[in-house]
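Please follow the chain shown here from its annotated domain to its core, and then to its pockets.

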Amino acid sequence: MGLKPKMGDLTVQMLRALPRIGLYNLKPILGMPKLSKRGRGQHGGDKHGCGNKGSGQRQNIMRPGYETGNQPFYLLFGNEPYYYRHHLRRQYPPLSLLQLQTLIDTDRIDVDRPIDLAAICATGVYRFFPNIKHFGINLTDEGIDNFKAKVNIEVQWTSEPVIAAIERNGGTITTAYYDPHSLFILKDPLKFFERGEAIPRRMIPPQDAIMFYTDAKNRGYLADPEKISWERFVLAQKYGYTLPKLEEDPDYEMLTERKDPRQIFYGLEPGWVINHHEKVILKPKDNELREYYQQ
């Protein structure tokens, strides 16, 4: 009896009998679509639809904005300098009347004293950064109908409805400019006092801001007090409320207290050195220093 061939031997015999695989006997799978070859062109030419010479035939596509040697449109017409000197523009982070009323209701701000940037920063709620061109408070009109406090407040920017809302309650408002060095001091007075340096003078506004802070309509700190009194009356007539008389108010001295244009803190003159550890104020005695800080 002969032995049965193994499966591996049958496979080898079958491979020996089958023809070799080559390009001459390869065929596509049944049912696959047939790809068409590129023709000779639309009109029987030999350019294959790419035209006769030029960038189209050479597949050299022109970049966007290139106008074959002519002056490009983006150079022919002038541009709008929207971001011109953008890094020098002053920014005023907003503080709404609603937030101010909340700070007063929660006893974070004392209305019996004048309110300035240092008092608002001491609450820990309002934050601004002078190193990124923040120049103080922009008091906005959000919550204007619910604002009932009588305050003497100093801000850096505001609008006419906010001025009317504060003066309607018997308060006063002033817009004042502070240079960046003064803003760093007002942001953290304790840190400045611990360095043992003399309080510097506040600088005057730059040329593009001098008109705002000398205008009585904006309640600028450099405006004429008589013109401010007249503008208070005009604004009351415009918005239809009775202007309270400051002269008859029991808090008249607090409401009319103002800083000197060179002064940074209430009650502290330029040139003074504050010893916070020993609770002592050192004042200059030299006449030249006094004249320098009083200029």
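In this predicted model, residues 94-174 are covered by a UniProt annotation, from an unreviewed entry, that reads "domain: Large ribosomal subunit protein uL15/eL18". Over that stretch the chain is 28% helix and 19% strand, and its end C-alpha atoms are 16 Å apart. Strand β1, residues 94-96, includes S96, a residue that counts as buried because its relative accessibility is 3%, under the 20% limit. Leaving aside residues up to four places away in sequence, S96 touches L139, T140 and E142.

L139 also belongs to the largest nonpolar core, a set of 49 residues in which L139, I153 and I199 have the most contacts. Among the elements that give two or more residues to this core are α4 (97-105), β3 (152-155), α6 (160-168) and α10 (225-239), and the largest share, five residues, comes from α6. I199 touches, among others, F192, F193, I264, F265, L268 and W272, again not counting residues up to four places away in sequence.

The largest pocket holds about 560 Å³ of space and is lined by 28 residues, with P225, I228, S229, T256 and R258 nearest its centre. β3, β5 (172-175), α10 and α11 (252-255) each supply at least two lining residues, and α10 provides the largest share, four residues. This lining divides into twelve nonpolar, six polar and ten charged residues.

The second largest pocket, with a volume of about 370 Å³, is lined by 14 residues, of which R113, P114, D116, A118 and A119 lie nearest its centre; its lining comprises nine nonpolar, no polar and five charged residues.

Terms used. Residues are numbered from 1 along each chain as its sequence is written. This is a predicted model: local features need pLDDT of at least 70, side-chain atom pairs count only at pLDDT 80 or more; totals for chains, interfaces and linings use all residues. Side-chain values use heavy atoms; hydrogens and water are left out. A nonpolar core is a set of buried Ala, Val, Leu, Ile, Met, Phe, Trp, Tyr and Cys residues joined through side-chain atoms within 4.5 Å. Buried means under 20% relative accessible area, exposed over 50%, partly exposed in between (1.4 Å probe, protein chains only). Contact means heavy atoms within 4.5 Å. UniProt positions are given in the numbering used here, feature names are shortened, and annotations may be inferred rather than shown by experiment. On a 1 Å grid over the protein atoms alone, a cavity is a set of points where a 1.4 Å probe fits but cannot get out, and a pocket is an open set with protein on both sides within 12 Å along at least five of seven lines; lining residues have an atom within 4 Å of a point. Grid points are joined across faces, edges and corners, and a volume is the space filled by probe spheres set on the points. Ala, Val, Leu, Ile, Met, Phe, Trp, Tyr, Cys and Pro count as nonpolar, Asp, Glu, Lys and Arg as charged, and the others, Gly among them, as polar.
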